Amino acid sequence: MSFDPSAIQLPPPGLETRMPPLNRREMSYEEVYQQVRRHLKDDEAGTMSVQMKAQINGIHAHTARVCKAG
Amino acid sequence: MLTQREFAKLVDGPALDREIDRLTKKGSGWLQAAQILSRRVNGTLDWEELGPSGSRFQIVGSRGEAVLFWDRHLSRIVKLRGREENGYGTAGFGCILVRNERGMIDYGPGTIEQALERERLSWVHLGFGCVFEDVIGDVEGLLLAQAFISGFAPTEQEIRGWMIQHGWESLEAERDVVVTLRQHAWRRGKIGAFDANETNFIKSDVDGQLYPIDLIVWTMPE
């Protein structure tokens, strides 16, 4: 398999983007790690988000189905 | 291009071991999550030795399509995507929209080129997305990078309001879309934006605005 990345320009040049503001301060690894865990509902109670389930099911998030399984 | 060995050296191995251990101890479905995380990283990197503690890329999670790393040099998220046989499932390098065998709009596996086209469409139609970082080995893995947004998940209601405000039309009642995807599927003209759920948006704690971080933006299949 071959792949030529030379033509890739992201974001596309000249595009009006909608960039998020800079964070208030420098984030530590631990802070980022905890936010991502919260976002994925990876908490001590053991609930699992659709994104976490999607990787286990080997498919991308089929939300309605996997939500009911939680 | 990065070789598998080159990228492996940049990954914080002890942090990955800790994460796999943490997930394993949770048991049940989390055990599978731990196994998949290990396959995704070690399989993609052909079991090359990972870097020491404090290396540049530190694991922060694994989700539907990607393993997420914190890039401590540039303070951003780096997403590792890869091949089905290495634990990435049928998403391929990232889901796209296709017609399934019943003729309905569904997710299909994307190639590396399609994954990058999806990011381009995300920039064009949502104003935000990932940048291309690198390819690992002979297209064993794809690295995308995205600004890290400090914040939290918005509510479903906030997401609906945001999508409508930006001109998107809900496909919730669209019978042409497989039923499991409809709730979070949107359309604007010929472009679809799918998987618009709370895990794919961040509400910034700086400006209170919503930012889509991982929607599936693709041309609606004919």
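Helix 3 of chain B has 16 residues and runs 22 Å from its first C-alpha to its last, close to the 22 Å expected at 1.5 Å a residue. The model is a predicted one, and this helix is a handy place to start reading it. Its buried residues are B:Ala33, B:Ala34, B:Ile36, B:Leu37, B:Arg40, B:Val41 and B:Thr44. Looking down the axis of helix 3 of chain B, these buried residues fall within an arc of 165 degrees, so they line one face of the helix. B:Arg40 is one of that buried set, and it counts as a charged residue.

Just past the helix comes a backbone oddity. Helix 3 of chain B is followed by B:Asp46, whose phi is positive, near 55 degrees, although B:Asp46 is not a glycine. Most residues other than glycine have a negative phi. B:Asp46 sits in the loop between helix 3 and strand 1 of chain B. With 14 other C-beta atoms within 10 Å, B:Asp46 is partly exposed, because the count lies between the 12 or fewer of an exposed residue and the 20 or more of a buried one.

On the far side of that loop, the chain goes into a run of antiparallel strands. Strand 1 and strand 2 of chain B pair in the antiparallel sense over five bridges, and a hairpin of four residues joins the two. Within this pairing, B:Ile59 has B:Phe69 of strand 2 as its bridge partner. Strand 2 of chain B then pairs with strand 3 (residues 76-82) of chain B, again antiparallel and again through five bridges. Here B:Leu68 is matched with B:Lys79 of strand 3. Four residues lie between strand 2 and strand 3 of chain B in this second hairpin, and B:Ser75 in the turn has a positive phi of about 50 degrees. Strand 2 of chain B thus takes part in both pairings. Strand 2 of chain B is also mostly covered, with four of its five residues buried.

As for the chain as a whole, chain B holds six helices and 14 strands. Its C-alpha atoms fill a box of roughly 50 × 45 × 35 Å along the principal axes. A compact globule with 222 residues would have a radius of gyration near 17 Å, and the 18 Å of chain B agrees with that. Buried residues make up 49% of the 222 residues. Among contacts in chain B between residues at least 6 apart in sequence, 57% join residues at least 24 apart.

B:Leu121 gives a local example of such sequence-distant packing. B:Leu121 is found in helix 4 of chain B and counts as buried, with 21 C-beta neighbours inside 10 Å. Setting aside its neighbours within four places in sequence, B:Leu121 is in contact with B:Ile191, B:Val217 and B:Trp218. B:Ala193 is 72 residues from B:Leu121 in sequence, yet the two C-alpha atoms are 9.7 Å apart in space.

Helix 4 also turns up where the two chains meet. In all, 53 residues of chain B are in contact with 43 residues of chain A. The elements giving two or more residues to the side of chain B that touches chain A are helix 3 (29-44), strand 1 (57-62), strand 2 (67-71), helix 4 (112-126), strand 6 (131-136) and helix 6 (179-182) of chain B. Helix 4 of chain B gives the most, with six residues. By class, this side of chain B has 26 nonpolar, 18 polar and nine charged residues. Helix 3, strand 1 and strand 2, all described above, are thus among the elements that touch chain A.

Chain A has backbone quirks of its own. The peptide bond from A:Leu10 to A:Pro11 is cis, with omega near -5 degrees, and A:Pro11 is placed in the segment before helix 1 (29-39) of chain A. Most peptide bonds are trans. Further along, A:Lys41 has a phi near 55 degrees, a positive value in a residue other than glycine. A:Lys41 lies in the loop between helix 1 and helix 2 (50-57) of chain A. A:Lys41 counts as partly exposed, with 18 C-beta neighbours inside 10 Å.

Definitions and conventions: Residues are numbered from 1 along each chain as its sequence is written. Chains are lettered from A and ligands numbered from 1 in the order in which they are written. This is a predicted model: local features need pLDDT of at least 70, side-chain atom pairs count only at pLDDT 80 or more; totals for chains, interfaces and linings use all residues. Two residues are in contact if their C-beta atoms, placed from the backbone, lie within 7 Å. Two strands pair if DSSP finds at least two bridges between them. The radius of gyration is taken over C-alpha atoms; the globule rule is 2.2 Å times the number of residues to the power 0.38. The expected span of a helix is 1.5 Å times one less than its number of residues. The arc is that of the directions from the helix axis to the C-beta atoms.
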